[in-house]
Amino acid sequence: MKNKHLVLLFLLVLLLGYVGRRLPWRCQSDLRSRFITAPEAVYRIQISRTGQPDLFIEHTTAGWMAEQEGRTVPVSSDTMAALLGMLGQPAFFKPLADREGAAAFDSAAPIRLRLSLKDRPEVLLQFGLETPGPDGPWTLVRFAQHKSVYRVRGAFRTRFDRTLDDFRSRTLLPFEAEQVCRVAFHWPPDSSILWEKIDTANWQLASTSSMEQSPLPLQYWLNAVSQLHNLPFADFFDESREEEWLSLSVAFTACDGRTCTLRFFVLEPPDIPEDIQRLRRQGVLRLPRYVAHSSANPHNYFVLTDADMAARLCAGP
């Protein structure tokens, strides 16, 4: 009888082991963990996307710098603190079954991250599809150390789906058009006019002549300038031909004394960039003809994609 009990106990243990191996892993419930335990140790991030050049973000003696296709721009410490803080803060991880996870992860081209840390091993991970949820977005994640796929609470794919242009300033006018109190227009070679605001709503020409002109065209012109946001970068622009292509230079003075100069260029005939693909990635499908530059953003030139508006801007008020 005793032997029968031992046999039954042995069979029960085998049965429980068999069933336990086929039950869903009990850690399918959310786990709280983090991608890196020491974000302050990260000194280099490589972001790779399918069909795109790699983006490198590295900490140098001059601060954080981003580099892509040979072009380098600084990255603010606040931006990097937000990115590294996202990787270092605790997040909810939910492991997926192998087949389910692999199928879900393969539904979108991954964004691959290589994190280099001081005195620590590299961290390699991939961000897959990002989906919304009632408690916020979730991102599919896979680590290089193993092939398991996790759903992680947070918009990780969105935050790291970056190009160099995302770190470049697109500022043209550093203050609102309503704050401008003085506008000086100069058309090469020697045509100029000056407008000054006489109160909160009215403008007048600053001229010794008796000529009068309605300020409405100026107001329309300023309204057009205020719409110049998020313009594509004109990295193809040949700075040595600025004088040849300059159409209009406009000096703005704000009521608080701040100044800014905008210059508008007309490329005749339209200059053909060597790298058309870079423009296409920015959404520019036609050869650019109009380019703008701001003294508030001296290292960048911008494509004016709306040719009709650009022509009106170059003509002045």
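This report walks through the sheet, the helices and the aromatic contacts of a predicted model.

## The sheet

Let's start with the strands. There are 10 of them in one open sheet, with antiparallel pairing, and the order reads β1-β6-β10-β9-β8-β7-β2-β3-β4-β5. The edges belong to β1 (31-33) and β5 (71-74); each has a single partner strand, so one side of each is left without a neighbour in the sheet. On average, neighbouring strands are turned by 30° against each other, if you ignore direction.

Take one pairing as an example. Strand β6 (residues 91-95) and strand β10 (residues 149-153) run antiparallel, and three bridges join them. Within this part of the sheet, K94 has R151 of β10 standing opposite.

## Helices against the sheet

Helix α3 (residues 98-105) packs on the sheet, where it touches β8, β9 (138-143) and β10. The direction of α3 makes about 110° with that of β9.

Helix α2 (residues 77-88) also deals with several strands: it lies across β2 (42-49), β3 (55-60), β4 (63-68), β7 (111-117) and β8 (123-131). Relative to β2, helix α2 runs at about 85°.

## Aromatic pairs around F143

Now for the rings. The structure holds 18 aromatic pairs, and F143 takes part in the two described here. With F35, the ring centres are 5.9 Å apart and the planes sit at 35°; stacked pairs need planes under 30 degrees apart and edge-to-face pairs over 60, so this one counts as tilted. F35 comes from the loop between β1 and β2, while F143 is in strand β9, so the pair links distant parts of the chain, 108 residues apart. Both F35 and F143 are buried.

What about F93 and F143? Their ring centres lie 6.4 Å apart with the planes at 25°, so this pair is stacked. F93 lies in strand β6 and F143 in strand β9, so the pair ties together parts that are 50 residues apart in sequence. F93 is buried, and so is F143.

Zoom out a little and these residues turn up in one aromatic cluster, formed by F35, F93, F127, F143, Y150, F156 and F160.

## Arginines over rings

Two arginines are worth a look as well. R151, the β10 residue opposite K94, has its charged end over the ring of W138, 4.5 Å from the ring's centre. R32 lies over the face of F92, at 5.0 Å from the ring centre.

Conventions. Residues numbered from 1 in each chain as written. Predicted model: local features only at pLDDT ≥ 70, side-chain atom pairs only at ≥ 80, totals over all residues. Heavy atoms only, no water. Pairing = 2+ DSSP bridges. Helix = DSSP H or I, 4+ residues; strand = E, 2+ residues; numbered from the N terminus. Axes fitted to C-alpha atoms, helices over the stretch in contact; angles between N-to-C directions. Contact = heavy atoms within 4.5 Å. Phe/Tyr/Trp six-rings, centres within 6.5 Å; stacked < 30°, edge-to-face > 60°. Buried < 20%, exposed > 50% of the residue type's maximum accessible area, 1.4 Å probe, protein only. Lys NZ or Arg CZ within 6 Å of the ring centre and 35° of its normal.
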